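The following paragraphs lead from the overall fold to individual helices and then to single residues and peptide bonds. The reader is invited to keep the model in view throughout.

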Amino acid sequence: MNATLPRTRDRSREHDIVLFGATGFTGALVAEYLARHHGDAGVRIALAGRDRAKLERVRASLRDVHPKAAEWPILVADANDEAALENVASRAEVVCTTVGPYAKYGEKLVAACVRHGTDYCDLTGEVQFIRRMIDAHHDEAVRTGARIVHCCGFDSIPSDLGTLMMQETMRERHGGHLDEVRFFAGESRGSASGGTIASMLNILDEVARDRSVLRIVGDPYALVPRDARGRDGSDQRGVRFERDLGMWTGPFVMAAINTRIVRRSNFLLQHAYGRDFRYSESMSTGRGPKGAIFASAMTAGLGAFVAAASVKPIRRVLEERVLPKPGEGPDREARERGYFVIRLIGKGRAADGREITLRGRVEGKADPGYGETAKMLSEAALCLALDGAQLGTPGGIRTPASTMGMRLVDRLRRAGMVFRVD
């Protein structure tokens, strides 16, 4: 089934946004966000998933949020039903999906969107899945105009758009670009997402079945061509003291996906950050002995978790008794108590040769894995749907910064997030 190519973005399709996976925990949060903040904006939204009765319950629950949401159409589609997915993709300007792990449930939906030139955004943090999508679909997506934008949640919008903000500020204030940006995940309060945990465990399963997956996951330039590789090495694995920050740091679990997305953005932006651009991520743990102890404990704990999750009997106990399950999450009060702070330090030379150091911040005012992620994914979908014709970006397997750029930063600022350079 083929669409007329290349696709125009004139909002002539039946739905601006189809939210796929609306009955899941995160999907329901996205639906609520769209209803609460954009119910009067004239955005044509449909809910999609595999169970009509559950979709109807989600829709009914939105009535008190905004009465118009109770009229949103319902599309029934399973992640493995190609004909149903074709129906979803052909009727949507944008498909926004929360159905993960994406390596298990995402490929057929991506393929349908690519065939129909339909824009797409998701929450994946799975490097091996994105690599497969690039290999299988990038060229056709360029041809059809489908903009497939992965990692539109806490993975990897603060990293990707934070870096873009730093580079744009450098260009505007001083000329030139930053040769290096360092990202430090700092103070935060929030719960680990059941979906994120499921994705991490699925990566371990894939590595156990196919050792080539480990090479992809461990490759700092896994998402760019070989001739676009730069100078970055492996992600931080131990404890360090960062003099520019004045804090101790340890490994950041999401660096394994975020750093790859930032490097792909630089590639897709035709190396606007420079061919030798360096980017790194770590978690800041504070000053003095307490900061050093916390960094050491966190590093050891992360290693212990990966080792334990790789042993089947221990893994089974973790899944049954300890870890959150997909579809589970914190209550509203806990989500609203959450927050996160990210610090960015960039260094480069101005057009006149001066050495420049910039300091930036990205902050969220709710649980990063749920409240802020629902906001980020929703605003990404709205940006593609409503600003799509003005973005001027081509189709392909893309990233938030290389597709929506500062337009999405502005949307997120209006939605309450902090993106600033001091």
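Helices and strands are here DSSP runs, helices being H or I runs of at least four residues and strands E runs of at least two, numbered from the N terminus. In the predicted model, this naming places S156 in the loop between β6 (147-149) and α7 (157-174). The peptide bond that joins D155 and S156 is cis, with omega at about 5°. A cis peptide bond also joins G100 and P101, where omega is about -5°. P101 belongs to the loop between β4 (92-97) and α4.

The overall form of the chain may be considered next. The chain contains 17 helices and 14 strands. Along the principal axes, its C-alpha atoms fill a box of roughly 55 × 55 × 45 Å. A compact globule of 422 residues would have a radius of gyration near 22 Å, and the 21 Å of the chain agrees with this. Of the 422 residues, 56% count as buried. Among the contacts with a separation of 6 or more, 79% are accounted for by residues 24 or more positions apart.

The surface and the charges complete this general view. The chain has an accessible surface of about 18,000 Å², and carbon and sulfur atoms provide 49% of that surface. There are 63 positive and 54 negative charges in the chain, and the mean positions of these two sets are 3 Å apart.

Two helices illustrate how such elements are set into the structure. Helix α8 covers residues 194-209; its 16 residues should span 22 Å at 1.5 Å a residue, and the 23 Å between its end C-alpha atoms agrees. Which residues of α8 are buried? They are G194, I197, A198, S199, L201, N202, I203, E206 and V207. The cover over these buried residues includes α4 (102-105), α6 (127-144), α9 (212-218), α11 (288-309) and α12 (312-322).

Helix α14, formed by residues 371-386, has 16 residues. From its first C-alpha to its last, α14 reaches 22 Å, close to the 22 Å expected at 1.5 Å a residue. In α14, 14 of the 16 residues are buried, so this helix is largely enclosed by the rest of the structure.

The surroundings of single residues can be followed from strand β1 into the loop after it. F20 is found in strand β1. With a relative accessible area of 2%, F20 is buried, because buried means under 20%. The contacts of F20, leaving aside residues up to four places away in sequence, are with A48, G49, A77, D78, A79, L85, V95, C96, T97, T98, V99 and L109. One of these, C96, is 76 residues from F20 along the chain, and the two C-alpha atoms are separated by 6.0 Å.

G21 lies in the loop between β1 (15-20) and α1 (25-38). Its relative accessibility is 11%, and G21 therefore counts as buried. Beyond residues up to four places away in sequence, G21 touches G27, A48, T98 and V99. The C-alpha atom of G21 is separated by 18 Å from that of F154, with the two positions 133 residues apart along the chain counted as their separation.

Strand β5 offers a further buried position. D119 lies in this strand, which comprises residues 119-121. Is D119 buried or exposed? With a relative accessible area of 0%, D119 is buried. Not counting residues up to four places away in sequence, D119 touches R7, R9, E93, V94, V95, G145, A146, R147 and L384.

Backbone torsion singles out two more residues. C151 is not a glycine, yet it has a positive phi of about 65°. C151 is placed in the loop between β6 and α7, and with a relative accessible area of 0% C151 is buried. Q270, which is not a glycine either, has a positive phi of about 60°. Q270 is placed in the loop between α10 (255-268) and β10 (278-286). The relative accessibility of Q270 is 72%, and Q270 therefore counts as exposed, the cut-off being over 50%.

Conventions:
Residues numbered from 1 in each chain as written. Predicted model: local features only at pLDDT ≥ 70, side-chain atom pairs only at ≥ 80, totals over all residues. Heavy atoms only, no water. Rg over C-alpha atoms; globule rule 2.2 N^0.38 Å. Buried < 20%, exposed > 50% of the residue type's maximum accessible area, 1.4 Å probe, protein only. Contact = heavy atoms within 4.5 Å. Areas by Shrake-Rupley, 256 points an atom, 1.4 Å probe, with all protein chains shown as cover. Lys, Arg positive; Asp, Glu negative; His and termini not counted. Charge placed at Lys NZ, Arg CZ, Asp CG, Glu CD. Expected span 1.5 Å × (residues − 1).
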